[in-house]
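Student: Please take a close look at a single part of this structure, and then set that part against the rest of the chain. I should like one connected account rather than a list.

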Amino acid sequence: MSNRDDPDLRPATKLVQGGRRPEWTGDPRLGGGVVNPPVWRASTILYDNIADLKVRGHATHDRLYYGRRGTPTVWALADALTDLEPGAEGTLLFPSGVAAISAGLLALLSPGDHLLMVDSAYEPTRLFCNGMLARFGVTTTYYDPLIGAGIADLITPETKLVFLESPGSLTFEVQDIPAIVAAARARGVPTMLDNTWATPLLFPAMAHGIDVAVMSLTKYVGGHSDAMMGSLTATRAIWPRLRQATYQLGHSVSPDDCALMLRGLRTLDVRLARHAENGLAVARWLAGRAEVGRVLHPALPGDPGHANWSRDFSGTSGLFGFTLKGADEAARTRFIDALSAFGIGFSWGGYESLVVPSDPATIRTTVAWTDPDPLVRLSVGLEDPADLIADLERGFAAMAE
Ligand SMILES: Cc1ncc(COP(=O)(O)O)c(C=O)c1O
C-alpha cells in the first residue's frame, strides 16, 4: 500500500513504505508484485490509438505521457519524498542539487524582483544569483544568517523570495527559521530552504512554515556517493509554478538514478543516526584538542547555534567544521594530506568520511568572516569513530612537523 493512505505513519516507516504503490510495484497479469518499483526506462510512451493519445496528451504528473515527464520509478521517488514533508503538495526531481536550486529560483522570480539570500549559502547558489539572476534583472541582497526577525527590515515591495540554508553548509550558523518565516509570511513573501544538511527527518520544513524545501539528494538521501540528484518539495500554493517552470526548463532525471536514490532513502533513518553518533564522537574529541580553535557543530552545547538547533531540529547529521588554532595554510595542508581514513573530496553525506579545507572569508559579502584560523570541514561517515580519531591524531602529528 502507499503510505498516502495513512498520513499518521512515523517517518522511519514512511521511508520504508514510500512510493511503493501497488500500481507501480505489481502486475496483476503476473499474479503478484515486487518490493521495489522496477526501473522503467523510457523516452517514448506508446498509445493505443489517436483517441488515447488525445486523452493522455493532457496527462497529469503521474500518467505515462513522454519520458521527460517521468515513469513510475521517478514518481515513486518523488512520492516518497513528498510523504516525508507533512503539508507538501508534491516533489520535483532535478539532475543535481544546484539544478533544483536554480530551477526553484527561476520559477519564483521575474525581472525587477528582489531576492533575500542568506550570506552563508552554498557558493554555487550565490554564483547563480550573481550570474544568471542578475542578468535577468533580479537583484539579490545577502543577509546575515543570524538576522532572525530583523529580516522584516530588508523586505521591500519588490521582495519575492527569502532563501535560507540552515545550518550553513560551510560555517554551520543555525538560522532562526520560525522568526524569519513569520516575518516573511506577514509580508506575503514565500520562503525557500536548502534542507540538505537536516533532511525532512531532522527538520520537516513544510511543518515549520517553509514554502519550498530544496535538497541535494546527492548527499544523505543517496548516501553512497554514486549518484547525483536534487529535489524541490513545495506547498500547494507554490507547486503549480514550480512544476510549470520545471517542464519549461526541460529537466528530467534518470530512472536508474531514481532507483539508487530510493535504495538510499530506505536506510536514511539508520544511516543518519550513525552519522550523528560518529560525528559527535569525533567533534567532542576535537573540542578537547589543543590544536583546535573551535568546533562548528550546532549539537555541541557551547555552539552559538545550539539553542536554535535544540528548539527546531530533532537531531544532527555528520557534517561539521573546526578551526586549527594559530595554524597557517601550510599546516592545514600537512594536516589534511596526512589523513587516510578521510578522503579528500567535495560533496558529503556518503557512507565514507570526507575532508575539505574551506575558506568562507573569500565568499561572504555581508558579514565578514573574521576568524583568522584556517577552517576544515568533515563529513563523518559510518566507519568506527575510533579509527577516524586515530587518523585525525596522525594529522595533528603531521601538522606539528
Ligand atoms: C548545502 C548544499 N546545497 C546544494 C548542493 C548542491 O548539490 P549537488 O552537488 O547535488 O548539485 C550542495 C553540494 O555540495 C550543498 O552542499
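Tutor: Leaving aside residues up to four places away in sequence, G345 touches L354, V355 and V356. The model is a predicted one. G345 belongs to the loop that connects β12 with β13. Two of the relevant elements are β12, residues 343-344, and β13, residues 354-358; the contacts of G345 with L354, V355 and V356 can be read against these ranges. A further distance concerns P357: its C-alpha atom lies 9.6 Å from that of G345, the two residues being 12 apart along the chain.

The sheet around this loop comes next. Its five strands follow the order β10-β11-β14-β13-β12, in an open arrangement with mixed pairing. β10 (292-296) and β12 have a single partner strand each, so one side of each is left without a neighbour in the sheet. At the β10 edge, the pairing with β11 (residues 319-324) is antiparallel and comprises three bridges. Within β11, F322 is the residue that stands opposite V295. Two helices are to be placed against these strands. Helix α11, residues 268-287, lies across β10, β11 and β14 (375-379), and its direction makes about 15° with β11. Helix α13, residues 329-337, also packs on the sheet, where it touches β11, β12, β13 and β14; the angle between the directions of α13 and β13 is about 170°.

A second sheet is found elsewhere in the chain. Seven strands make up this open sheet, in the order β3-β9-β8-β7-β6-β4-β5, and its pairing too is mixed. The edges are taken by β3 (90-94) and β5 (139-143), which pair on one side only. Averaged over neighbouring strands and with direction ignored, the turn of one strand against the next is 20°. At the β5 edge, β4 (residues 114-118) is joined to β5 by five bridges in the parallel sense. T141 in β5 stands opposite L116.

The helices on this sheet can be described in a similar way. Helix α5 (residues 97-108) lies across β3, β4, β6 (159-165), β7 (191-194), β8 (212-216) and β9 (230-234), and it runs at about 155° to β8. Helix α9, residues 239-249, packs on the sheet as well, with contacts to β3, β8 and β9 and a direction at about 25° to that of β3.

The ligand brings several of these elements together. It is surrounded by 15 residues, of which G97, D194, S216, T218 and K219 are the closest. Three polar approaches may be singled out. A polar backbone atom of V98 is 2.9 Å from an oxygen atom of the ligand. The side chain of D194 places an N or O atom 2.6 Å from a ligand nitrogen atom. For S216, a polar side-chain atom and an oxygen atom of the ligand are 2.8 Å apart. On its own the ligand has 390 Å² of accessible area, and the protein covers 93% of that.

Two backbone details concern the loop between β6 and α7 (177-186), which contains P167. The peptide bond joining S166 and P167 is cis, with omega at about -10°. F172 is found in the loop between β6 and α7 too, and it has a positive phi, about 65°, although it is not a glycine.

Aromatic pairing completes the account. With ring centres required to lie within 6.5 Å, the count is seven aromatic pairs. One of them joins W24 and W75, a tilted pair with 6.2 Å between the centres and 50° between the planes. W24 lies in helix α2 (residues 22-25) and W75 in helix α4 (residues 72-83), so the pair ties together parts 51 residues apart in sequence.

Notes: Residues numbered from 1 in each chain as written. Predicted model: local features only at pLDDT ≥ 70, side-chain atom pairs only at ≥ 80, totals over all residues. Heavy atoms only, no water. Pairing = 2+ DSSP bridges. Helix = DSSP H or I, 4+ residues; strand = E, 2+ residues; numbered from the N terminus. Axes fitted to C-alpha atoms, helices over the stretch in contact; angles between N-to-C directions. Contact = heavy atoms within 4.5 Å. Near = heavy atom within 4 Å. Polar contact = N/O pair within 3.5 Å; in protein donor to acceptor, adjacent residues only side chain to side chain. Areas by Shrake-Rupley, 256 points an atom, 1.4 Å probe, with all protein chains shown as cover. Phe/Tyr/Trp six-rings, centres within 6.5 Å; stacked < 30°, edge-to-face > 60°.
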